[in-house]
Amino acid sequence: MKNKWDLTLIYKDEESFKKDLDLIKEVYIKKMASFEGKLSNEKSLKEYLNLNREVTPILTKVGMFASMRSDLDKKNTKNATALQEVEYVYSLLSENLAYVEPELLAIGKDKIDLFLKNNHDYNDFDYYFDKLFNGAKFVLGNKEEKLVSYFSQLENEGSTLYSQLSVGDYTPKNIKLKSGKEIEVNQANWTSLIPTLDNEEDRQKVFESLYSYYDEHKNIYGEIYNSVMQAEIAEKKARGYSSILQAHLFRNKIPEDVFYNLIDVASTNNDGLKKYLNLRKKYLKLDKYHTYDRFLKLAHSEKKYTYEEGKELFFKSIEKFPEDFKNKAREVTKDGYVDVYHSLGKRTGAYSSGGENVHPFILLNYNDTLEDVFTLAHESGHSIHTLYSMESQPVIKQNYTIFVAEIASTFNEHNLLDYLMKSDSLSRNDKITLLEKAIDEIVATFYRQTLFGHYEYNISKMVEEGKPINHEVLSNEMISLYKMYYGLDINDEKVKKYVWAYIPHLFYTPFYVYQYATSFTASMLIYKNVKNNVPGAFDNYIKMLKSGGSDYPIEEVKLAGVDLTKKDAFLSVTSYMDELVNQLEKLLKSE
């Protein structure tokens, strides 16, 4: 069907999916497990690495298929069961291959380097081995690794419970507006409803009808997040990391100073952010500014963008780029690869999924707004990145890290915004709308995501100190950080303090969100070079996309001309924020 995923592009039928799942379980796991105690033998090592190459894309296919099908309808228990079967097979694989890293480390780096030198056909594993030996001190012995592997499925239970509670068991609520009209409020439409409502009480009703769900289930949400953090502390203790933060940064050689510099800059260089909120309060004529008022527009536009119109707008914005880039943009948005509209039970938000020789797919919850056009450009950036990685790297090096993942997506957003700002005959309202969009992008991607990363860090320190974690502790920490970053007291809003329960990344992928901010910083500076026609800037950007997962992320970003180890990179974002807010202030005063 048009504008829906065609999952037969992955597996033509259920039988094919089951066949691959059984192939992993009955053939690959047994074969790969049979090499235990033999990897020091060169012939055996080659055979094991060959099996690794073969099974990797199959693992990606079964995982994508089961996960995506489940995301289309979280209320479908059959799909949820199939996903659990895949997760079990992943767990089984982890359990049976627990011997691998300890054995490879026992061989020693010198012998592995000699093996690669004498066997060029296996150079696609050079980065894997480099990462392995870099993190050697955190790899346990054979027995210990196997023991830890038994808990892998249990460690992921927090995210599964969160998904079932937030999506599977979620039921939309109806509210009655001041006009007497009754409307449904759900996870997909509430942010687009608020700017359509002139009455403050109506906006409050929309917000509270959505967030009241988290209030009603605050105890279980608190316990689920506690279980996520207990899994984090267990990993930290078992492997001997100095902190939960180090556990997330060390293997990819991301200096901890990158994280500390980011939260320091964002939490202290926020005068422009606070000034922006005050401008909004003044020009929106609000007695009090609420967090959900961020969806109100300083300039009104009734303009709607159908999905096809949004797609064409995105294509026009990249018209100046090379043909190969444009062709990839059209390829990733072909019918069958994008699931466009919201439906009951469908996972909220948006994402791109693909890689390791599997074509990327995009999930949207498109609602005909300009914001949705930017989301399309964002997710297309991920998919374009995946295609470049797939065509340029062997399967073992295609899976790029989260740290670089958000660069391609936000690069597309910078470009789309710039394209719109340059369009002919912009009215004053148009200019305000686009300036507001540019500022909101920094607020949402740099400040807000850093706040959430700061939040995770503070909670992780509490867990490391053995302090109890419950909904009150979680809410109080969020109240504190909102005051620090925004200068807002969210105690004034009935249920806002439960925003931690609203953010799925905190439960699904701990210490993910700060990388939106680092990636935004990198993409802003990369795009600035491209926009200013710095020689080789776009070629260097494509070089980074093509590098896939072949090097440490900090080094990959350097390929595109940006050094995130320097505090100046983050200060450039806050400086740009100040500049944009001052431009907006002048424009608002020009009425």
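In this predicted model, the buried residues of helix α27 are covered by elements that include α14 (256-268), α15 (271-283), α20 (428-464) and α24 (514-531). Helix α27 spans residues 567-589, 23 residues in total. From its first C-alpha to its last it reaches 34 Å, close to the 33 Å expected at 1.5 Å a residue. Its buried residues are Ala 569, Phe 570, Val 573, Thr 574, Met 577, Leu 580, Val 581, Leu 584, Glu 585, Leu 587 and Leu 588. The list is mainly of nonpolar residues but also holds Thr 574 and Glu 585.

Leu 580 illustrates the packing of this helix. Leu 580 lies in α27 and has a relative accessible area of 4%, so it is buried. With neighbours within four places in sequence left aside, its contacts are Leu 435, Ala 438, Ile 439 and Ile 442. Helix α20, which comprises residues 428-464, is among the elements covering the buried residues of α27. Asp 264, by contrast, is 316 residues from Leu 580 in sequence, and the two C-alpha atoms are 21 Å apart.

In soluble globular proteins, nonpolar side chains tend to be buried together. In the present model the largest nonpolar core has 146 residues. Trp 190, Phe 446, Trp 500 and Tyr 541 have the most contacts inside this core. Helix α20 supplies the largest share of the core, 16 residues. A second, separate core has 50 residues, including Leu 7, Ile 10, Tyr 28 and Tyr 351. Apart from neighbours within four places in sequence, Trp 190 is in contact with Val 185, Val 206, Phe 207, Leu 210, Tyr 211, Phe 295 and Tyr 502.

Helix α12 covers residues 218-239. Its 22 residues should span 32 Å at 1.5 Å a residue, and because its end C-alpha atoms are 32 Å apart, the computed span agrees with the expected one. Buried positions in α12 are Tyr 221, Gly 222, Ile 224, Tyr 225, Asn 226, Val 228, Met 229, Ala 231, Glu 232, Ile 233, Lys 236 and Arg 239. The charged residues Glu 232, Lys 236 and Arg 239 are thus part of the buried set. The helix is followed by Gly 240, which has a positive phi, near 85 degrees.

Two of the buried residues of α12, Tyr 221 and Ile 224, are touched by Leu 165. Leu 165 is found in helix α9 (residues 157-168) and is buried, with a relative accessible area of 11%. Not counting residues up to four places away in sequence, Leu 165 also touches Tyr 170, Tyr 213, His 217 and Ile 220. Ala 377 is 212 residues from Leu 165 in sequence and 30 Å away in space, C-alpha to C-alpha. A polar example of a buried helix residue is Asn 79, located in helix α3 (residues 77-96), with a relative accessibility of 10%. Asn 79 is in contact with Arg 69 and Ser 70, leaving aside neighbours within four places in sequence.

The structure holds 35 salt bridges. Lys 326 pairs with Glu 319, the closest N and O atoms being 3.2 Å apart, and Lys 326 is buried at 11% relative accessible area. The pair of Lys 422 and Asp 418 likewise has its closest N and O atoms 3.2 Å apart. Here Lys 422 is exposed, with a relative accessible area of 55%, whereas Asp 418 counts as buried at 11%. In the salt bridge of Lys 558 with Glu 555, the closest N and O atoms are 3.6 Å apart. Both residues lie in helix α26 (residues 553-559), three residues apart, about one turn of the helix. Lys 558 is partly exposed, with a relative accessible area of 36%, and Glu 555 also counts as partly exposed, at 36%. Beyond these pairs, Lys 2, Glu 308 and Lys 311 are linked in a network of salt bridges.

On the surface, Leu 147, Tyr 150, Phe 151 and Leu 154 make a nonpolar patch of about 430 Å². Tyr 150 is placed in the loop between α7 (142-149) and α8 (152-155). Its relative accessible area is 43%, so Tyr 150 is partly exposed.

How values were computed: Residues numbered from 1 in each chain as written. Predicted model: local features only at pLDDT ≥ 70, side-chain atom pairs only at ≥ 80, totals over all residues. Heavy atoms only, no water. Patch = residues over 30% accessible without salt bridge, like charges linked within 9 Å, V, L, I, M, F, W, Y side chains within 5 Å. Areas by Shrake-Rupley, 256 points an atom, 1.4 Å probe, with all protein chains shown as cover. Salt bridge = Lys/Arg side-chain N within 4 Å of Asp/Glu carboxyl O. Helix = DSSP H or I, 4+ residues; strand = E, 2+ residues; numbered from the N terminus. Buried < 20%, exposed > 50% of the residue type's maximum accessible area, 1.4 Å probe, protein only. Expected span 1.5 Å × (residues − 1). Contact = heavy atoms within 4.5 Å. Core = buried A, V, L, I, M, F, W, Y, C linked by side-chain atoms within 4.5 Å.
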